[in-house]
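The following paragraphs walk through one protein chain, from the overall fold to a few individual residues. Please keep the sequence and the model in view while reading.

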Amino acid sequence: MLASVTTGFPTGRRRGRRRGRTLRTLLILVAVATVPAVVALGVVVVPWLREPGPRPLFQLPVACGETWQLGTYPGHDDYDVDLFPTEGDPWGRPVLASYDGVVTVAGVNGSVGGRNPEDPDGPRGRGGGYWVKIDHGGRWETQYLHLLEPPMVREGQRVARGEQIGLLGSTGNSGAPHLHYEQRRGWQKVETYFDGLPSGITHDDYEYTVRLTSNNC
């Protein structure tokens, strides 16, 4: 009968070394997979941790030389601006970029509804309807809501100040054709400035309107 053969190492120690090698391999794989994710997160998050840059020289988002009424009302939300033309038919008026930038959103906010020039009293939608959001750099952005039709621009497209991005309408939760407009600094909405001057619309405690002429030329 043959005697038992041994390697000189207890079986438990050999298994322990195998487990150790397996654990080290797993840790290396996790590290390799985590590094790109951390780098990608840094690319996205770090710019938003920086202080916003200087305010761009925003212009009214409408045609050069036109005079528009800007206003707000109780319940509209602080700093939100509604724009109405003072002359002519509002439906389908050109909506222009307030400043150079990159389109980050071009689509539907909420739902469109059924209001249009042929049926101005049609069913309301929800939210902002057709809308556009533009990143102007330095953590500044603008938003344009209630457009008549799908935006004329696409996400990722670079636009110049004064370039047409859509048509004025009444999609979404809107009672009449107008442009709902916002300027944002970082995470916060701020008072809108046009051609370097404040609009005076800072809160919605009471109804307030002002007339301005566009220098978006």
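A contact here means heavy atoms within 4.5 Å. By that criterion, and leaving aside neighbours within four places in sequence, R93 is in contact with E66, W68, P85, E87, G88, G166, L167 and L168. The model is a predicted one, and R93 is taken up again below, after the chain as a whole.

The average pLDDT of the protein chain is 87, and 78% of the residues score at least 70. Two stretches fall well outside that description. Over residues 1-11 the pLDDT stays under 50, and the model has 2 contacts for them beyond four places in sequence. Residues 37-45 also have a pLDDT below 50, with 2 contacts in the model beyond near neighbours in sequence. Where pLDDT is low, the predicted coordinates should not be read in detail.

The secondary structure consists of 1 helix and 13 strands. Read from the N terminus, the order is α-β-β-β-β-β-β-β-β-β-β-β-β-β, so the helix precedes the strands under a numbering that starts at the N terminus. Of the contacts with a separation of 6 or more, 69% are between residues 24 or more positions apart. Buried residues make up 38% of the 217 residues. The chain exposes about 12400 Å², of which carbon and sulfur atoms supply 55%.

Three of the strands can be followed through their pairing. Strand β4 (residues 101-111) runs antiparallel to strand β5 (residues 126-137), and 8 bridges join the two. β5 in turn pairs with strand β6 (residues 140-147), again in the antiparallel sense, over 6 bridges. K133 shows both pairings at one position: K133 in β5 is the bridge partner of V105, and the bridge partner of K133 in β6 is Q143. The hairpin of β5 and β6 has 2 residues between the strands, and G138 there takes a positive phi near 65 degrees.

Is Q143, in strand β6, buried or exposed? Q143 counts as buried because its relative accessibility is 7%, below the 20% cut-off. Beyond four places in sequence, Q143 touches W131, V132 and K133, and also H180, Y181, E182 and R184. The side chain of Q143 also makes a polar contact of 3.5 Å with the side chain of E141.

The next residue to find is E66, in the loop between α1 (11-49) and β1 (67-72). Which residues does E66 contact, apart from neighbours within four places in sequence? They are R93, L212, T213 and S214. S214 is 148 residues away from E66 along the chain, yet the C-alpha atoms of the two are separated by 5.6 Å. Within its own part of the sequence, E66 has a polar contact of 2.9 Å, side chain to side chain, with W68. With a relative accessible area of 23%, E66 is partly exposed.

The contact between E66 and R93 leads back to the starting point. R93 lies in the loop between β2 (81-85) and β3 (94-96). Its relative accessibility is 15%, so R93 counts as buried, whereas E66, at 23%, is partly exposed. A polar atom of the R93 side chain lies 3.1 Å from the backbone oxygen of D89.

How values were computed
Residues numbered from 1 in each chain as written. Predicted model: local features only at pLDDT ≥ 70, side-chain atom pairs only at ≥ 80, totals over all residues. Heavy atoms only, no water. pLDDT = per-residue confidence, 0-100. Pairing = 2+ DSSP bridges. Helix = DSSP H or I, 4+ residues; strand = E, 2+ residues; numbered from the N terminus. Buried < 20%, exposed > 50% of the residue type's maximum accessible area, 1.4 Å probe, protein only. Polar contact = N/O pair within 3.5 Å; in protein donor to acceptor, adjacent residues only side chain to side chain. Areas by Shrake-Rupley, 256 points an atom, 1.4 Å probe, with all protein chains shown as cover.
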